Each structure stands twice: as structure tokens, then as C-alpha cells.
Amino acid sequence: MLRRQSLGRLCLAGTAAVLAPLVASGTTQAAGTAPAPDSVAVAAVPPLDQLTVSTTQVAFGLQRPTAITAPDDGSGRLLIAEKQGTIRVYHPETGLATEPLLDIRDRVDTSGNERGLLGLVTTADFAQTRTLYVTYTALPEGTVTLSRFTLATAGQSPIPPGGEQVVLTQPHAEYSNHNGGHVAFGPDGYLYWSIGDGGGSDDILNSGQNLNTLLGKILRLDVSRSCDGRPYCVPADNPFVGTADARPEIWAYGLRNPWKFSHDLGGDGSLWIADVGQGTFEEIDHLGAEQAGANLGWSCREGPQVFNPDRCQAGAAYVEPVYSYRTSTDGCAVIGGYVYRGEEYADIATGTYLATDYCSGTAFVVRPPASPGGAYQTRALTELTIQPTSLGQDADGELYLVNDLPGQLHRIEFGSTATPPATCRISYRVDQQWGTGFNATVTVTNIGVQPVGGWTVGWTFPGAQRANTFWNATGSQQGAVVTARNANWNADIPPGGTVQFGFLASNTGANPAPTAFTLNGNTCA
């Protein structure tokens, strides 16, 4: 799974991206400037210094979750991989199912901190093909394995474990770490799979720059067909097809441990890769479809600087990361995420790539330049949650996050510190209070000219109040920050209309009213 076994959270210092000058043998692309991906017009969203990111826990009880995927079959569910070899189902209305959808614990090697069930994805046409792909480290020697299961029906549960078909394997016996393991379908319909450099440290197996091994690579496979006795085909336009002493499955190389990557499926289809560093830099890379065969530099380079000059090749072209930060200062293992393309926060977050870190939990946000050759916008924001291991998308493009030993599922929420004209008024009234608690009523008035279709009200308690039970709303509290969302029956507020909800809270002492409220991220009067 991740590079280190440390479970502690690091104090953050200097969380801005480190975009250092280049010192390399061979040619590189300038740090912080646009690579080959074509730019996609980004809506007039607020600048990154006005963007906020937060999380709301929606489920708990997971056992070391490692990956999230959403079958696009109209079910509204999320599938969550657990390290031990199980897949759980979460639905926003029914919560986390107790029984696993798939259980392959009998064949998954979980020795060491980084082995286990690592990735899963469903086919884009899952309702018709009913096929699920998983990646895991297999018993007895930790062989990195790509397998598929074809369901009798899209809703079959549980999935019979005996229906597994192994697609491709890579021996990985020497060391238990650096397995990579993420798997996803690209906009071209092909399956992409990341594998780490084989483990140990310092790229001891010399895998990163070796095209004759699948270690330290991202692969690209056509899993819709079979060729030459294999349950997959190599796309004819893969960059190393016909190259002597090179595996034709390789799409990109020079990677250390690409634990998570994603395609911008709602944008230009470009590939974002988060590569876990050795001990100096964590990095995020960005590749366009035309950059097949890209060399990300490991183990000649780590992040924006040379790591081992003996591994550098004269004349080689290394793709420079678009974002990097200091290992052991700003985190310990980068957790790659997604470019936001959902609807709920489209006005403030469209086109923004979100990643985090296993130790620091920092939200790192990146936006590509508006035109080729321009500079990337980058920023380190708040801490999301402890020990995040994976981000994921639901079928509508909304983002989720799971964390490790807490075993929780969180929904990602964006906000903005920009101050548009107030179109709402909120009143807050404490109705009753007693020695250890109180209840209160919140009235929301739409003073704008447009109807509100679905509302989220937020505030920060000035004291130690803890909201526990809500009525006419669903609510949650993280620290002092409270979020209340509409119920099914009161989502719409017409111009001039009002809605009321209430809550029960605990506190000892005075209960002063919050000083500010927001409605759907906008400050209210």
C-alpha cells in the first residue's frame, strides 16, 4: 500500500509546493509549467487562495480501506476495497453494508504494511458487462496480480470468489513494499494499472529505468479482448510495441510507487499521477494522451532534483512534476486524487485537482494553466483527516475519501472564502437550555431573486457546544464547525420563502449564538 509504516501525523511546516530549479542529466520540462496535455477551459472559479476543502464522515467500520470506485449502473453505491481482501458496499441512503460484496482473503497476501487488496474498478458499461477488476498481492510470495470477476447480474451479491480470472501478474517476492496497485479505465477504454518499483529502498532492483520489467511502471491494457493466449491484448499504439527488450504493456515509466493516479474524464482525459518519494520529495505528475512513453525520472530523479546521478542517462527526457513537497516535513506519502468535475461545487472547484498525504492529511490543490506553457496554480490547504489512503468519485463526480486504521468514509466538500452579495438571512434562537444542554431553532430566508434548490447551512460554534440530534435537517459537526443539510421534504426555498430546522446540543454554561452563517457556501446576512 503506502511507503512507510509510520502511523503518526506530522506537524506541517512550509506546506507550499517546492518547485525547485532543475539539476539533471539529460533534458527535463521546466518545473511548474504546463506539460503536453491540452488545456481545458476552466469556469470562472475563485482563485485557490479563496478555496476551502473539508470532509464529513458518512460511514465507519471499514478494515484498512485502500480504494474506492463507483459502478455507473444507476445504483448510487460506492465499492470500497479493504486491505484484508474484501470489498464492502456503501450507499448514501442505507449506509455501509455489513457483509462483503467479495471476499478473497484466502488468496491475498497481507504480510508487511503495504501488501493486500490494493485496487478495484468496474467497467464503464458495468450494467451490461458486469465485470469488476481487482489488484492484489497474492499468496504465497506477494505476486502483484490483476484479476477480474464477471457477475451473473449487475446487482449480484455476494460475488462468488471462485469466478476469478487472473489477467496479468508481476513477481514481487524480494520486498513487501512498493506494490503500487491502482487500476482505472482511461478515456480510451483501456485499463491502466500502476506497479511500484519492487520495494526495498533506492530502487535496489533498478526497475524504474528498466523497460524489461513491469515494476516501476503504469501499464495500458485492452482487457476487452484476448490475444496470443493471454486474457488481454496490448493496444497497437502503446509506446513500446516493437521495441527490443521492452515490455509492450508499458505506458509510462520511471516511477517509484505510484499508489494512486486518475484520468480527468470530464475534461481533457489527461493523466494525473501521485508518486510516493524516497525521503526528500513527494510528487504529482501530469501527462497528456500524447505523452505515451513518458519517463518520470526515478531513480535518476526524485521530485524536482537528481536522486542518483548514476541512473541518469545522457540525452534522456524526464518529465518534471507539476507539484512537489518535502517528505518528512509536509507529509510522508502522497495520496493522489481527482480533478473535480461534479455538479454540487462546480462554481468553485471545477477543474481543480485534489490530492492529500497519508501522514499530514493536508489537502493539496492544483490547477493546470489556462494556456500551454503557463504556470500551474498550486496551494496547500487545511488538514482533511488522519491517515487518508484513497480518494474516489461517485457516479456523479462527487469526491470521497477513506482513511486507514480509523476505517472511515468521508465525503469531500468545497467552499469559498469569497464574499458575494448576501442572498440569504439566517436567524438563530435558543429555545430551551438546561445544565448540560439546549435546543435551538434556525430560520433560513431566501432574500434573493432565484429559488434555492437544495440547501446546506454552516456555522461555527463560539464555545464548546456539540450538536447531536437534528430535525427537519440532517446535520454533522467536526470540531466546532456544524453543517446542516435539507431534508427530503424541504429542499426548495423560493424567493422570499423560509425554512426552519432545529437541533439538540450538549454544553455546560452559556450558549452564545454563532456570529456568522453560510448558505451553500455563501455568507448570509
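**Group meeting: salt bridges, backbone and empty space**

Let me open with one residue: Glu164 has a relative accessibility of 21%, so with the line for buried drawn at under 20%, this residue counts as partly exposed. Before I go on, please keep in mind that what you see on the screen is a predicted model.

Who is the partner of Glu164 here? The side chain of Glu164 forms a salt bridge with that of Arg107, at 2.8 Å from N to O. Glu164 sits in the loop between E10 and E11, and Arg107 in the loop between strand E7 (102-103) and E8, so this contact ties together parts that are 57 residues apart in sequence. Arg107 has 18% relative accessibility and counts as buried, because buried means under 20%. The two residues therefore fall on either side of that cut-off, Glu164 at 21% and Arg107 at 18%. There is a third member too: Asp106 joins Arg107 and Glu164 in a network of salt bridges.

How many salt bridges are there in the model? The count is 17, and I'd like to show you two others. Arg64 and Asp404 meet through their side chains in a salt bridge, again with 2.8 Å from N to O. These two are 340 residues apart, with Arg64 in the loop between E2 and E3, and Asp404 in the loop between strand E28 (399-403) and strand E29 (408-416). Is Asp404 buried or exposed? Asp404 is buried, with a relative accessible area of 0%.

The other pair is Asp188 with Arg220, whose side chains form a salt bridge at 3.0 Å, N to O. Here the separation is 32 residues: Asp188 lies in the loop between E12 and strand E13 (191-195), while Arg220 belongs to strand E14 (residues 217-221). Asp188 is partly exposed at 33% relative accessibility, whereas Arg220 counts as buried at 4%.

Now, let me stay with Arg64 for a moment and turn to the backbone. Most residues other than glycine have a negative phi, and most peptide bonds are trans. Arg64, although not a glycine, has a positive phi of about 50°. The residue is placed in the loop between strand E2 (51-60) and E3, and as you just saw, its side chain meets Asp404 in a salt bridge. Ser328 is another residue other than glycine with a positive phi, in this case near 70°. You can find Ser328 in the loop between strand E22 (323-326) and E23, and at 53% relative accessibility Ser328 counts as exposed.

Where are the cis peptide bonds I want to show you? One runs from Leu139 to Pro140, with omega near 5°, and Pro140 is in the loop between strand E9 (131-138) and strand E10 (143-150). Another joins Ser157 and Pro158, with omega about 0°. Pro158 lies in the loop between E10 and strand E11 (165-170), and that loop also holds Glu164, our opening residue.

On to empty space. Rolling a probe the size of a water molecule over the atoms shows where such space is left. The second largest pocket has a volume of about 710 Å³. Its lining has 31 residues, and those closest to the centre are Thr69, Ala70, Phe185, Leu265 and Gln393. Several strands give at least two residues each to this lining, among them E3 (65-69), E12 (183-185) and E27 (388-393). By class, the lining comprises 13 nonpolar, twelve polar and six charged residues.

The model also has three cavities of 30 Å³ or more. The second largest cavity holds about 50 Å³ of space, and its lining residues include Arg256, Asp275, Phe281, Glu283, Trp298, Arg301 and Glu302. Strand E18 (281-287) and strand E19 (301-302) are the elements that supply two or more residues to this lining. What classes of residue line the second largest cavity? Three are nonpolar, two polar and five charged.

Let me finish on the surface. Trp434, Trp471 and Leu504 make up a nonpolar patch of about 280 Å². Trp434 is in strand E30 (residues 424-434) and is partly exposed, with a relative accessible area of 39%. Thanks, everyone!

How values were computed
Residues are numbered from 1 along each chain as its sequence is written. This is a predicted model: local features need pLDDT of at least 70, side-chain atom pairs count only at pLDDT 80 or more; totals for chains, interfaces and linings use all residues. Side-chain values use heavy atoms; hydrogens and water are left out. On a 1 Å grid over the protein atoms alone, a cavity is a set of points where a 1.4 Å probe fits but cannot get out, and a pocket is an open set with protein on both sides within 12 Å along at least five of seven lines; lining residues have an atom within 4 Å of a point. Grid points are joined across faces, edges and corners, and a volume is the space filled by probe spheres set on the points. Helices (H or I, at least four residues) and strands (E, at least two) are DSSP runs, numbered from the N terminus. Ala, Val, Leu, Ile, Met, Phe, Trp, Tyr, Cys and Pro count as nonpolar, Asp, Glu, Lys and Arg as charged, and the others, Gly among them, as polar. Patches are made of residues with over 30% relative accessible area and no salt bridge: like charges are joined within 9 Å, nonpolar side chains (Val, Leu, Ile, Met, Phe, Trp, Tyr) within 5 Å. Accessible areas come from the Shrake-Rupley method with a 1.4 Å probe; for residues, only the protein chains shown count as cover. A salt bridge is a side-chain nitrogen of Lys or Arg within 4 Å of a carboxyl oxygen of Asp or Glu. Buried means under 20% relative accessible area, exposed over 50%, partly exposed in between (1.4 Å probe, protein chains only).
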